[in-house]
Protein chains: 2
Amino acid sequence: MKDQFDIDPKQMAILMSAWEAFAAYGFRKTSMDDIARGAGISRPALYLHYKNKEDIFRSLTRHYYEQATQSFAEALDRPGAIGEVLGEAYLAKGGESAVAMLTSPHGHELLDVKLTNASEEVEAGEAGLAEVLAEWLDAQAARGRVTLPGPAREVARVCLSTFKGLMKTAESHEGFVRDVRLMSALLGDGLTAR
Amino acid sequence: MKDQFDIDPKQMAILMSAWEAFAAYGFRKTSMDDIARGAGISRPALYLHYKNKEDIFRSLTRHYYEQATQSFAEALDRPGAIGEVLGEAYLAKGGESAVAMLTSPHGHELLDVKLTNASEEVEAGEAGLAEVLAEWLDAQAARGRVTLPGPAREVARVCLSTFKGLMKTAESHEGFVRDVRLMSALLGDGLTAR
DNA sequence: AATTGACAAAATATCCAGATTCTGTCAGTT
DNA sequence: AACTGACAGAATCTGGATATTTTGTCAATT
């Protein structure tokens, strides 16, 4: 299993710089020079590592999902009541950065860019998260800890959509955390019913 | 209680024409003339009924929520298992037109316009829906049919966010309906647990 | 080998003037 | 009273010409 540290530290610096620039200026207004300066290298050197801006963005998205999926899976492995584990796992997954992104001045644009320029990465990432959750649900069901109202894969997808919905309407990080906890309590009860 | 039929039929024609134009061209690209022609009146006559385009849009939004809230409340009043009633009520509420809006070519813009030019109407509408659901939850709780994991108002808000989340990720109306049913089954179990 | 300054080509932004469309409001008709 | 044609002003498109920024790729340097 790869983690976020098995990557070239220079590439990591580039990605971090890129993320800062994107968050500050948005995708369109961020130039390759902005990213290079932030990473402490020259612009041409950037091209030795990434093909272009879109390539950087895709990589950024891939890494976000890698780290998110790992945190999510780790948190799901911890002991506790179904609902609590589920909620905390989702929070661990990176709700914070996601909410920050949505509430940032350029969150809107970045989301657009993500969906058009990195749709493969997003799709793969979301599918990966759903897969992790589905397997966890299956495992819990096998141990009799939950009763699924449908195929694990669908339940997983719907649960994730649900949390995403909370994110959209969240007004602050704290509000989001509260909502996730309430929702997962409800989901936990629903899954353990009967 | 007002319903959608106690409005001047001419104003209704205007609103319907406006809705068609907005859906076809988006808010920005729809002219007052487009709306007037669709409603079978002259453009100046439009100004006898509405102050300007924004006014029409706000009215449209208000009426959408009025009718949605009424359908929602009516559907909640029908008998059935908690989860089923909840899901069907949400679907009755107007998931169809909402999904249509989100998947329309100008859904994005219209949503923006809605949030900036009709934020009061949206806020009031959403609050109204949440209130209806909260009261229903309280009534069900009083009759011992559900056990709330938190204040009814918060549970209601979170449930509605949840369904909204499903809408965002839905790829088609059918998929949305399936997801809502699955989700409400889960929520129903969660609410009736213990 | 890793990096850079510098360069040409492409893309973007800025400005402008003219044409077109849209808006809001008349006075006037039915 | 309900509505319309017509008008002036505002706003929005259009296209072209110029300036600026950004990109991707060299050959040259460390």
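Which residue follows α1(A), and what is the sign of its phi? That would be A:Gly26, with a positive phi near 85°. The views below come from a predicted model, and each one zooms in on a single region.

**View 1. Helix α1 of chain A, from residue 9 to residue 25.** This helix has 17 residues. From its first C-alpha to its last, α1(A) reaches 24 Å, close to the 24 Å expected at 1.5 Å a residue. Right after the helix comes A:Gly26 with its positive phi.

**View 2. The buried residues of α1(A) and what they pack against.** Which residues of α1(A) are buried? Look for A:Ile14, A:Leu15, A:Ser17, A:Ala18, A:Trp19, A:Ala21 and A:Phe22. As a reminder when scanning the helix, an α-helix has 3.6 residues a turn, so residues three or four places apart point the same way. The packing partners of the buried residues are α2 (32-39), α3 (43-49), α4 (53-76) and α6 (107-117), which belong to chain A.

**View 3. The contact between chain A and chain B.** Each side is easy to tally: 22 residues come from chain A and 22 residues from chain B. On the chain B side, α8 (152-169) and α9 (173-192) each put in at least two residues. Which of the elements gives the most to that side? It's α8(B), with 10 residues. Sorted by class, the side of chain B that touches chain A has 10 nonpolar, 7 polar and 5 charged residues.

**View 4. The protein surface near DNA strand C.** Both chains show up here. Chain A brings A:Ile41, A:Ser42, A:Pro44, A:Ala45 and A:Leu48, while chain B brings B:Ser31, B:Met32, B:Asp33, B:Pro44, B:Tyr47, B:Asn52 and B:Lys53. Elements supplying at least two residues each are α3 of chain A plus α2 (32-39) and α3 (43-49) of chain B. The largest share, 3 residues, is from α3(A). The class split for this surface is 7 nonpolar, 3 polar and 2 charged.

**View 5. The protein surface near DNA strand D.** How many residues surround this strand? There are 13 around DNA strand D, and the closest are A:Ser31, A:Met32, B:Ser42, B:Pro44 and B:Ala45. Two or more residues come from each of α2 and α3 of chain A and α3 of chain B. Here α3(B) has the largest share, with 3 residues. By class, the surface near DNA strand D breaks down into 7 nonpolar, 3 polar and 3 charged residues.

Technical notes:
Residues numbered from 1 in each chain as written. Chains lettered and ligands numbered in written order. Predicted model: local features only at pLDDT ≥ 70, side-chain atom pairs only at ≥ 80, totals over all residues. Contact = placed C-beta atoms within 7 Å. Helix = DSSP H or I, 4+ residues; strand = E, 2+ residues; numbered from the N terminus. Nonpolar A, V, L, I, M, F, W, Y, C, P; charged D, E, K, R; others polar. Expected span 1.5 Å × (residues − 1). Buried ≥ 20, exposed ≤ 12 C-beta atoms within 10 Å, placed from the backbone. Near = placed C-beta within 6 Å.
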